[in-house]
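Reader: I am new to this structure and would like a close look at a single part of it. Could you choose one helix and take me carefully through what surrounds it?

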Amino acid sequence: MPRVEVVEYSAQRPALPGDPVGDALVLPGRGYGIDHPLLSWTLRMLHEQGWWCTTVRWSVDDVEPAVATPFVEGVAADLYARRRAAGTTLVVAKSLGTLAAGWAARHALPGVWLTPLLGRPEVAQSLAGYPAPALLVGGTRDRFWDPDVAARSAVDVLELPEADHSLLLPGPWEESHDLERTVLAVVAAFAERVLRPDA
């Protein structure tokens, strides 16, 4: 049976001046959790921008593919019900978490979709007519990435040559580190535009 622990990330970080101006709901991957580098730095960056970040630690190895989407959508809905800020809500998801794309689209929520499962029809269809600002990030060595589906989507796309499903490169570690910094910078710029569109 899957286990889900809700984590109020921002409650565990030093308070920032003023009230949070938006909520960020962060959904990890099956094996890529919030303590892995990309999501860990993303959470910290979002918090420092002024988002109230809520996320989960989950154990989902026994979630069958047929029920994975309703399971992830249910978790997303639970996080949404815990919103703290009066402003914008942003969904950030990695891999398995991107199965919430349909739910987010139905709520017209901006989204950052990291290594999305583009082979799942419900994800591809949701992104094709996405009703809010969104960013897709994926690598060409990721078996779940489909460049044609990404190109047909109604969102911004960052395609990373030779990056795998963890957004790692096959060469020296420094190259993967530099790539991660690039991804974080693009995500930060996108999140800032969503949070403060008139700035």
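Author:
**A close look at helix α1**

In this predicted model, the residues of α1 that are buried are Leu38, Leu39, Thr42, Leu43, Met45, Leu46, His47 and Gln49. The helix itself runs over residues 37–49, and its 13 residues reach 18 Å from the first C-alpha to the last, close to the 18 Å expected at 1.5 Å a residue. Just after α1 comes Gly50, which takes a positive phi of about 115°.

As for what covers the buried residues of α1, the elements include the strands β2, β3, β4 (88–94) and β5 (111–114), together with the helix α6 (173–195). Two of these strands, β2 (22–27) and β3 (51–59), are also included in what covers the buried residues of α2, alongside β1 (3–7), α3 (101–106) and α4 (121–128). In α2 the buried residues are Ala68, Thr69, Phe71, Val72, Glu73, Val75, Ala76 and Leu79. The 17 residues of α2 (residues 65–81) should span 24 Å at 1.5 Å a residue, and because its end C-alpha atoms are 25 Å apart, the span agrees with that expectation.

Leu38, one of the buried residues of α1, has a further role in the picture, as it is among the residues that line the largest cavity, together with Tyr32, Ser166, Leu167, Glu180 and Val183. A search of the whole structure finds one cavity of 30 Å³ or more, and the volume of the largest cavity is about 30 Å³. Taken by class, its lining has four nonpolar residues, one polar residue and one charged residue.

Conventions:
Residues are numbered from 1 along each chain as its sequence is written. This is a predicted model: local features need pLDDT of at least 70, side-chain atom pairs count only at pLDDT 80 or more; totals for chains, interfaces and linings use all residues. Side-chain values use heavy atoms; hydrogens and water are left out. Helices (H or I, at least four residues) and strands (E, at least two) are DSSP runs, numbered from the N terminus. The expected span of a helix is 1.5 Å times one less than its number of residues. Buried means under 20% relative accessible area, exposed over 50%, partly exposed in between (1.4 Å probe, protein chains only). Contact means heavy atoms within 4.5 Å. On a 1 Å grid over the protein atoms alone, a cavity is a set of points where a 1.4 Å probe fits but cannot get out, and a pocket is an open set with protein on both sides within 12 Å along at least five of seven lines; lining residues have an atom within 4 Å of a point. Grid points are joined across faces, edges and corners, and a volume is the space filled by probe spheres set on the points. Ala, Val, Leu, Ile, Met, Phe, Trp, Tyr, Cys and Pro count as nonpolar, Asp, Glu, Lys and Arg as charged, and the others, Gly among them, as polar.
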